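Trainee: I've got a new model open and don't know where to begin. Could you walk me through it?

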Amino acid sequence: MQEMKEARDEYESLDLDLEDFKGDFSFDGLYAKLVNGMLAAFRDEEIHSMEGLISVTTNDAVPSGKSAKGHSSPLFPKVDALLLIFKDSCTQLYELQKQIDGRLHKLKKDVVSQDSKHTKTLSEIEKGVDAIFSSFARLDSRISSVGQTAAKIGDHLQSADSQRETASQTMELIKYLMEFNSSQDDLLQLSSLFSDDKRVGEAASIAQKLRSFAEEDIGRHGVSLESGNATASKGLEVAVTNLQEYCNELENKLLTRFDAASQRRELTNMGECAKILSQFNRGTSAMQHYVGLRPMFDVEVMNEDSRLVLGDQDYTRDSTEFDNALSTRYRQIIDTVRKESATIRAVFPSPNDVMSILVQRVMEDRIPNLLEKLLVKPSLLNPPPMKQGGLLLYLRILAVGYERTQELARDLRNVGCGDLDVEGLTEALFLEHKDIYLECEKASMKQHYKAKIEELIAEGQIPSRGTPVSSSTQHISVTVVNEFVSWNEEAISRCNLFSSQPAILAANAKAVFSCLLQQVRQYTTEGLDRAREGLREAASMNQRFHLGRKVAAAPSAAEGAASAGETSFKSFMVALQACGSSVAIIQQYFANTISRLLLPVDGAHASSCEEMASAMSSAESSACKGLQQCIDIVIVEVDRVLSTEQKPTDYRSADDNLMADHRPTVACTRVVAYLSRMLESAFTALEGLNKQSFLSELGNRVHKAVTTHWLKFSFNASGGLKLKRDITEYGDFLRNFNTPTVDEKFELLSILANIFIVAPESLASLIEGTPSIKKDAQRFVQLRDDYRSARLASKLSSVWH
C-alpha cells in the first residue's frame, strides 16, 4: 500500500482529448506520450545500478558464504505507477467513447431527416421533368405538323412553278412549231433564235423537241389521216419536213465547224460543237465523222503497216523478226490511240462511246488489213518448202500474230473502249485460221520429220533405201528423238495458246502427242530394222563361211564373218540402248507435259497411255527379233571357235596322268574371251527383265552348244579333269548372268564330268548316287575311251533300268 501511495504521488495525470485522435493518429505515439515520463527515469536508475554493480564486483568482491539479499531491489519499481496511468487512460477513453457515440447518434438522426427531405425533393423534380418532356413532345409534334404543312405548300408551289414553266415553254414551242409549219418554202422567216450563231445549242435543242413532238403526233393520228379525217396533223407534216431540213443543215454546219476546230486543235470549240451535236442521234454522226477522219486510218498508213512488218519481199523473215516488227507496230498503234483518247475525253461529252467506235475501227479495219497480208493460209496438199520455212513458219507467225493481237486488245481495253467486246473481235480475226490450225500442226510435224530423215540420209548418218548398211551407221540417235520432242513441245505451246477451253486443249494435245508417237515409232523401228539388217548380213557371211570352209579361203572368210558378227552385234546393242533411252524420253515428256493437259477429259489419259504402248510395241517386236539374231550370231561364232580351236587331244592326252595341266583348254579360253567382249555392250544396252531374259536365253544356248560339242569327243581320266576345268571356267563366267537355271545346268555338267574321272567299278555308285545326272549319264559314259574295253555297257545295264 505504501508503494501504491508513493506511485500515486509520483504520477502526474495525463488528460486525453478527442483532438489527440484526429489526423494522422498513431497508437505508438499515444503510448509513448503516456509512459515516457516513467520509463526515462527508470532507464537512468537502471544504468546507475549497473555501474554500481560492476564497481562492486571488480573492487569489493562479496565474501564467500555471505548472502546478498539485503542489497536486492525490485527489477521494475515503476510498474505500479504505470498501472495507474493505464487505468486512468482507460477511464478517459471510455468517456471519450460515450461522447463520440452521442455525436454519432445525433448525426444519424440528422442524416435520416435530410435523406427524407432529399427524397421528397427528387420526387418533385421527377414530376417536373416528366411535365417538361410532355411539353417537348407536344412541341415536337406541332413542329413536325407545321413542317409537313410547309413541305406540302412548297411542293404545291414548286409544282405550280414547274407547270407554269412548262406551260410557258409549251407556248413558246407551239409558237416555233407554227413558224416551221407556215414556212413551207423559206426558212429565213423563222425567229432569230434559229439563225443566231451564238444560240446554236438552244436552237438545236428546241428543234429536236419540236421534231419529236411532231413525229409523235403524226404517228398517233396516222390512222385518222388514212381514213380521210384530216385534222391538225396535216399541217404538222410540213413542220416535220422543215424541221428535218433545218436539223440537217444545222448538223452539217456544226460538223463543218467541228472539222475546222479539229484542224486547228481548238479543243474548246471542238467540245462546244460536240456537245451540241450530241443532241442529234446522240451524237453518233459526229463520233463516226471524227473517227473516220483520223489519219491513222489512211490507206498510206495501213500500207506502211504491212511494209514495216513484212519487210522486203525478196527476204523471208523468221518468226522472231516478225514478232519484233509486229510488236513495234502495235506499240505505235497503242500510242496513237492513247493520244486520240486524250483528245476525245477533252472534247466529247460521251468519250467512252467515241472510244468504242475508234477501237472497233482499229480492230475491224486496220488490224485485219495487216493480218490479211501477214497470215496467208498455206495449202496442206502442196505446203511451202522447208527452204521457205515450211508450214512451221506459218504456224509460228500465226502464234506471234495471235499473241501480240491479244496483248493489243488488252492494251486497248486499258486505254478505254467503253462496252466494246474487243476480245471477241480479236477472236473473230483468227477464227478461220484456228479452224485449220490442228491440221496444219500435224502436217507441219510430218513435213519436219520427212525433212529430218532426208537430212540424216544426206549426211550419211542413215543409209537410203537399197544402200548397204555401213558398220559406222548410227541407226538411232537420242539427239534426233530429243529434236522430235522439241518440235512437239513447241506445238503443245501453240495448243495452249489457241485452245481456250480445257476440253479443246486436251483433244488438241492428244492429237499432237500422237504425231510424236508416230514419229518415234517409225524412227526407232526403222533404226532397229537397219541394225537387224547388219545382223542378217553377218549371219549370211557365217553361212558362206560354213559352205566354203573346206576351200583355201576359209580362214579369211572366218575372220571376216567373226568381225562382221561382232560389229553388227555391238551396233545393234547401241541402237537398242538408244531406243530404250528414246522410249524413256517420251515417257518422261508425257508425264511432265502431256498428262496434266488430258485430265479434264475422261478417258483421254488412259487412251494416250494405250496409244503410247501400241506405238512402242512395233519397236519392241523388232528389238526381240534382233536380240534373237544376236544370240544366233554369238552361238554360231562359239560353234566356230570350238570346232576350230578344240583338239581331240585336249580331252584324250597320250599321258593319261591325273597330275596333268589343269588350265582350261584354248578353245574354252577363247570362247569365254569372245563372250566377254560381246556382252560388254549387252550389259550396257539392256536392263531389267529384257536383260534377264536375254542372258537366260543366251546361257541356255551356250550350254546346249558346248554340250553338243563335247559329245563329239572321247575322254580319258586326264581329259575328264580338263573337261571339268572347262566346265568350271564356263560356269564362273556365266554366273555373272545371274540366271539360276543356267548355273544349275553347268553344275550338273560338272558332276557329269566325274564320269570320265572315276574308275569303271565306281561308275554305278556315282550314277545311282546322283539321280539328277542319270538321264545324260548314259550318253556321256559312252564317251569314255575305255567304254568298250571295260565292257561298261554290260556293267551298267542294271543302272539304266
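What follows is a chat about helix packing, salt bridges, surface and backbone.

Mentor: Before we start, this is a predicted model, so local features need pLDDT of at least 70 and side-chain atom pairs count only at pLDDT 80 or more, while totals for chains, interfaces and linings use all residues. Residues are numbered from 1 along each chain as its sequence is written, and side-chain values use heavy atoms, with hydrogens and water left out.

Trainee: Let's go with helices. How do α12 and α13 run relative to each other?

Mentor: Helices here are DSSP runs (H or I, at least four residues), numbered from the N terminus. The axes of α12 (residues 390–415) and α13 (residues 422–429) come within 9 Å and cross at roughly 160°; axes are lines fitted to C-alpha atoms over the stretch in contact, with angles from 0 to 180 degrees between N-to-C directions. Angles under 35 degrees count as roughly parallel, over 145 as roughly antiparallel, 65 to 115 as roughly perpendicular and the rest as oblique. That makes α12 and α13 roughly antiparallel.

Trainee: And α12 with α15, what is the handedness of that crossing?

Mentor: The axes of α12 and α15 (residues 437–458) come within 8 Å and cross at roughly 140°. That makes α12 oblique to α15. A crossing is left-handed if the near helix is turned anticlockwise from the far one by less than a right angle, and right-handed if clockwise. For α12 and α15 the crossing is left-handed.

Trainee: What about α10 and α11, which hand does their crossing have?

Mentor: Helix α10 (residues 319–347) packs with α11 at an angle of about 160°, the axes being 11 Å apart. That makes α10 roughly antiparallel to α11. Their crossing is right-handed.

Trainee: On to charges. How many salt bridges are there?

Mentor: Side chains of opposite charge can pair when their charged atoms come close. The rule here asks for a side-chain nitrogen of Lys or Arg within 4 Å of a carboxyl oxygen of Asp or Glu. By that rule, the count is 30.

Trainee: How far apart in sequence are the parts that Lys377 and Glu432 tie together?

Mentor: Lys377 and Glu432 form a salt bridge, with the closest N and O atoms 3.7 Å apart. Lys377 sits in the loop between α11 (351–374) and α12, and Glu432 in α14 (residues 431–435), so the pair ties together parts separated in sequence by 55 residues.

Trainee: Is Lys377 buried or exposed, or partly exposed?

Mentor: Buried means under 20% relative accessible area, exposed over 50%, and partly exposed in between (1.4 Å probe, protein chains only). Lys377 has a relative accessible area of 41%, and its partner Glu432 has 45%. So Lys377 is partly exposed.

Trainee: Which residues share a salt-bridge network with Glu490 and Arg494?

Mentor: Glu490 and Arg494 meet in a salt bridge of 2.8 Å, N to O. They are four residues apart in α16 (residues 478–498), about one helical turn, and Arg494 is buried at 4% relative accessible area. The others linked in the network are Arg396 and Glu441.

Trainee: In the Glu637 and Arg640 pair, what is the relative accessibility of Arg640?

Mentor: Glu637 and Arg640 form a salt bridge with closest N and O atoms 2.6 Å apart, and both lie in α19 (residues 604–645), three residues apart. Glu637 counts as buried at 6% relative accessibility. Arg640 counts as buried too, at 16%.

Trainee: How far apart in space are Phe258 and Met270?

Mentor: Phe258 is found in α6 (residues 233–263) and counts as buried at 1% relative accessibility. Phe258 and Met270 are twelve residues apart in sequence, and C-alpha to C-alpha the separation is 5.3 Å.

Trainee: Where is Asn738, the non-glycine with a positive phi?

Mentor: Asn738 has a phi of about 60° although it is not a glycine. Asn738 is exposed, with a relative accessible area of 56%. Its place is the loop between α22 (717–734) and α23 (740–752).

Trainee: Last one: where is Arg791?

Mentor: Arg791 also isn't a glycine, yet has a positive phi of about 50°. Arg791 is exposed, at 63% relative accessible area. You'll find Arg791 in the loop between α25 (774–781) and α26 (792–795).

Terms used. Helix = DSSP H or I, 4+ residues; strand = E, 2+ residues; numbered from the N terminus.
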